[in-house]
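Got the structure open in front of you? Let's take a walk through it, one stop at a time.

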Amino acid sequence: MLVFQFLMLSVGFGQTGQVKGLVLDENDNPLVGASVVISPDSLITQTGSKGQFFFSGIPFGEHVLRIAFVGYKHQVNSISLIVNEPQDLTIKLTPDLKTLDDVVILGDSYLTTRKRESSLDLEIVNTEFIRQNLGGSLMQSLERLPGISTIGIGSGQSKPLIRGLGFNRVVVLDKGVKHEGQQWGADHGLELDQFATGEVELLKGPASFAYGSDAIGGAINVLPPAPPSEINSLGGSLNLIGKSNNGLIGTSLNLFGRKQELFFGARYSYQRYGDYRVPTDVVYVYDYAVNLDDNYLRNSAGKESGLNLEAGYVVRKFKNTIYLSHVYNKSGFFANAHGLEPRRVDTELHDNSNRDIQMPRQQVNHYKVINRSVYETGNHKLEADLGYQHNFRQEFSPYVNHGFMPANYPAESAIPSNLEREFNKSTYTLNLRDQISLLNHTINLGVSLEHQDNTIDGWGFLVPAYKQLTNGVFVHDEIDLNKRLLVSAALRYDYGRISINEYLDWFDSVVTNSEGEEVSQRVQRAKDMVREFSNLAWSLGLNYNMENLLLKINFGKGFRMPIAKELAANGVNYHYFSYEKGNPDLSPEQSYQLDLGINWLKSDWSIQVSPFLNYFPNYIFLNPTPDHDYYYGAGNQVFEYSQSKVIRYGGEVKLSLNLTEEVSTELFGEYVFSQQLSGDKKGFTLPFSPPPSALLNFTWSPILNKTFKAPYFSLDYRIVGKQNNIVPPEKKTFGYQVFNFRAGTNLELYKQELQLNFQVQNVMNTHYMNHTSFYRLINLPEMGRNFILSVSLSL
């Protein structure tokens with residue numbers, strides 16, 4: 001970072017001036033969050049709480065100002081910056097009927113340009129979309145988008161699936177750095193504060209050429225809010241949220257400010273919730289009937305908090321920002337579904353309160369420090385990300401012995417008797433990129449390095465301690481052959497090394513030695529192991545842009561390194577009623593994928609079709625065997641990691657239609673098919689394969705008066721097909737139909753902007769099973785009817 005600062009300070013900027021102004025709607029109301037771009041320097045900002053924007057350090061001379069906002073026609077203004085004549089503009093935007101919704105702008109705007117230039121299927125959502133679709137986590141808030149689903153556990157934890165691929169096959173980036181938690185586990189959520197997000201980019205398809213291993217299924221890029229645009233400003237916002245189903249109460253307070261070239265931001269979020277309710281009073285865990293008290297899922301309560309701080313320095317060609325964050329979560333696991341002993345649960349203790357957090361439970365602390373620098377000079381844009389993350393996760397459960405484990409937990413043990421598992425992970429990241437504009441080429445060069453150090457603790461064992469090093473180099477070239485045709489090509493080489501530590505049981509077992517004698521000794525559950533991997537990823541894409549038609553095609557190869565769990569697991573996974581064994585001989589997973597995109601845009605309607613074809617010559621999956629482990633696995637079924645050939649295909653369709661100026665409708669559809677072509681499970685599908693689904697939406701956006709600004713009423717009707725294409729021990733899932741309702745408006749309260757958003761999820765309190773849910777194995781239905789009210793006040 002010091003190198004960038006020295007370069008910035010050593011460059012003379014010459015005479016410069018300022019450009020400021022207001023962006024208003026057709027009724028002279030401020031538009032908050034509009035994108036403002038000034039060229040030829042391509043400086044970008046967003047309007048503040050009063051529609052204001054500000055640029056400093058702009059050279060005197062001729063410039064072009066481009067303004068874009070969701071639902072309005074973009075505007076291009078030519079300005080001339082002259083000495084002693086500062087620019088103070090008032091810009092009024094005109095509504096644009098050529099829009100899909102608040103997520104995608106169909107005009108020639110900044111967001112649309114980004115979508116058009118990507119040969120992969122790209123969705124971009126903003127904070128307004130998140131507020132209107134607020135779920136228990138950021139990933140659940142994004143679930144409304146076609147091709148995106150989640151593996152949910154309770155009301156506050158979830159993992160993303162992109163076209164049926166998840167876990168370590170989807171990369172989540174936060175402020176340019178790959179988020180590293182314990183993403184290999186279905187019960188491990190992502191430690192991200194959804195209130196602290198700006199835009200979110202969702203890339204569907206193999207993105208290994210850009211992000212390396214783990215992006216074989218796609219990437220989710222979480223971007224921070226833009227820094228304050230107005231110099232010498234101070235502001236903030238207050239968010240309040242409440243949910244009826246689990247009694248959630250939450251708040252998020254944001255403060256920000258700017259003094260000349262310096263700016264800062266701070267946000268604190270807190271949520272506390274109780275056990276959530278499901279539309280059933282009994283759940284069957286392995287044929288054992290578990291009664292639920294007043295439909296509450298006992299011990300599913302939790303609390304979470306997030307602290308986000310940022311400070312930065314910005315001038316015309318240089319920007320440096322430091323981000324610090326801490327996300328904390330404490331939540332319970334459904335008490336009757338932790339292992340195979342639902343009869344041992346103290347129901348009286350759990351049912352005494354719906355808001356306490358008893359064992360079994362998890363507790364997670366995730367710390368993150370990121371420094372991000374951007375420097376522009378000539379035809380180069382240099383970027384550097386330096387990050388450190390510390391993920392500390394603990395699982396607490398009463399001690400339960402099995403096999404040769406002591407009947408009573410040893411009092412002299414240094415490990416607490418209630419600490420079942422502990423994962424302690426430190427990650428160091430460095431990313432360097434250079435974007436070069438040369439003639440009709442936009443060339444991106446990059447280097448990425450990541451080091452992980454993982455330790456474990458607790459009386460339970462599943463995954464050994466390990467260290468992992470990955471690094472890669474890539475080049476990506478976009479060629480504008482003409483105004484309509486864009487060709488892209490990318491090449492990336494990665495090298496990885498994982499060193500796995502030996503693990504011995506903390507108790508003695510009776511085993512038979514090589515001489516046939518029975519001896520008592522500590523059993524080795526994991527061996528010392530070092531594996532090295534290298535691979536080449538590539539991508540070829542073509543975009544053809546006509547006035548109303550956009551065609552995309554992309555063909556690429558991705559890869560993924562086997563993780564420690566797949567190589568060396570050897571223990572009970574109580575959350576999945578399984579005994580899992582790793583395979584040290586696994587090879588890197590490879591994927592070949594063909595993506596197509598057809599977008600037809602008209603003045604009052606649009607259609608988007610995105611089919612794909614995916615082939616894995618060596619897909620890694622957890623293969624169930626007929627064996628059960630009674631010594632170390634409490635009788636659970638044995639699962640072993642193996643590889644097979646897999647084919648996947650499917651796609652999404654999105655149809656939007658403006659019926660009138662105030663009424664619009666949308667239809668989303670998605671379908672994924674997967675089949676194993678070799679191995680023991682030849683002919684079967686893959687785990688967590690989402691069933692086909694469709695979503696029909698009607699939205700009414702009436703034009704009322706100045707009191708109620710931008711009101712909307714929206715009804716979603718989701719139809720999900722049955723899923724009979726399964727791989728044991730998965731169960732077949734019936735289809736279902738669910739209604740969700742949304743409404744909201746903006747109000748002015750004492751000259752402050754107040755945003756109200758209201759939702760009713762599962763309007764009819766429908767009893768249904770989500771095939772990709774964590775609790776699908778025990779026939780636990782999804783959350784019942786839930787009223788959500790969120791209020792946002794600009795300070």
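Start in the loop between β19 (288-291) and β20 (302-314), where you'll find N295. Keep in mind as you look around that this is a predicted model. What is the phi of N295 near? Phi of N295 is near 70 degrees, a positive value in a residue that isn't glycine. That is worth a pause, because most residues other than glycine have a negative phi, and most peptide bonds are trans. As for its surroundings, N295 counts as partly exposed, because its relative accessibility is 21% and buried means under 20%.

Now hop to another loop, the one between β41 and β42, where N765 lies. N765 isn't a glycine either, yet its phi is positive, about 55 degrees. With a relative accessibility of 30%, N765 counts as partly exposed.

While we're on backbone oddities, look at the peptide bond from M359 to P360: this one is cis, with omega near 0 degrees. P360 sits in the loop between α6 (347-351) and β22 (361-377).

Let's go back to the loop between β41 (752-761) and β42 (786-794), because Y768 has its place there too. Is Y768 buried or exposed? Y768 counts as buried, since its relative accessibility is 15% and the cut-off for buried is under 20%. So who does Y768 touch, if you leave aside its neighbours within four places in sequence? Its contacts are Y736, V738, N762, P781 and E782. Take E782 from that list: Y768 and E782 are 14 residues apart along the chain, and their C-alpha atoms are separated by 6.2 Å.

For another buried residue, try T470 in strand β26 (residues 466-480). T470 has 16% relative accessibility and therefore counts as buried. Not counting residues up to four places away in sequence, T470 touches S448, L449, E450, Y495, G496 and M561.

Next up are the sheets. Strands of a sheet pair through backbone hydrogen bonds, either parallel or antiparallel. Follow the order β3-β2-β5-β6 and you trace an open sheet of four strands with antiparallel pairing. Its edge strands are β3 (43-46) and β6 (75-81), and each of these pairs on one side only. From one strand to the next, the twist averages 25 degrees. Want to see one pairing up close? Strand β2 (residues 35-39) and β3 run antiparallel and are joined by four bridges. Find S35, and you'll see that its bridge partner in β3 is Q46.

A second sheet to look at is also open, with five strands in the order β8-β13-β14-β11-β12, and here the pairing is mixed. Why is one side of β8 (121-125) and of β12 (177-178) left without a neighbour in the sheet? These two strands stand at the edges, each with a single partner strand, so one side of each has no neighbour there. Elsewhere in this sheet, β13 and β14 run antiparallel and are joined by five bridges. One example is K204, whose bridge partner in β14 is G218.

Some of these strands turn up again in the largest nonpolar core. This core has 23 residues, and L138, L142, V200, L202 and I220 touch the most other members. The elements giving two or more residues to this core are α3 (127-132), α4 (138-141), β11 (170-174), β13 (200-204) and β14 (218-222). Zoom in on V200: leaving aside neighbours within four places in sequence, V200 is in contact with E123, I124, V125, I130, L142, I220 and N221. There is also a second, separate core of 21 residues, which includes I153, Y276, V283 and F774.

Our last stop is an empty space. Rolling a probe the size of a water molecule over the atoms shows where empty space is left. How much space lies in the second largest pocket? The second largest pocket holds about 940 Å³. It is lined by 48 residues, and the closest to its centre are Y576, E580, L622, P687 and F688. At least two lining residues come from each of β18 (282-285), α7 (564-568), β33 (578-581), β35 (605-629) and β36 (636-658). Which of the elements gives the largest share of the lining? That would be β35, with six residues.

Terms used. Residues are numbered from 1 along each chain as its sequence is written. This is a predicted model: local features need pLDDT of at least 70, side-chain atom pairs count only at pLDDT 80 or more; totals for chains, interfaces and linings use all residues. Side-chain values use heavy atoms; hydrogens and water are left out. Buried means under 20% relative accessible area, exposed over 50%, partly exposed in between (1.4 Å probe, protein chains only). Contact means heavy atoms within 4.5 Å. A nonpolar core is a set of buried Ala, Val, Leu, Ile, Met, Phe, Trp, Tyr and Cys residues joined through side-chain atoms within 4.5 Å. Two strands pair if DSSP finds at least two bridges between them. Axes are lines fitted to C-alpha atoms, for helices over the stretch in contact, and angles run from 0 to 180 degrees between N-to-C directions. On a 1 Å grid over the protein atoms alone, a cavity is a set of points where a 1.4 Å probe fits but cannot get out, and a pocket is an open set with protein on both sides within 12 Å along at least five of seven lines; lining residues have an atom within 4 Å of a point. Grid points are joined across faces, edges and corners, and a volume is the space filled by probe spheres set on the points.
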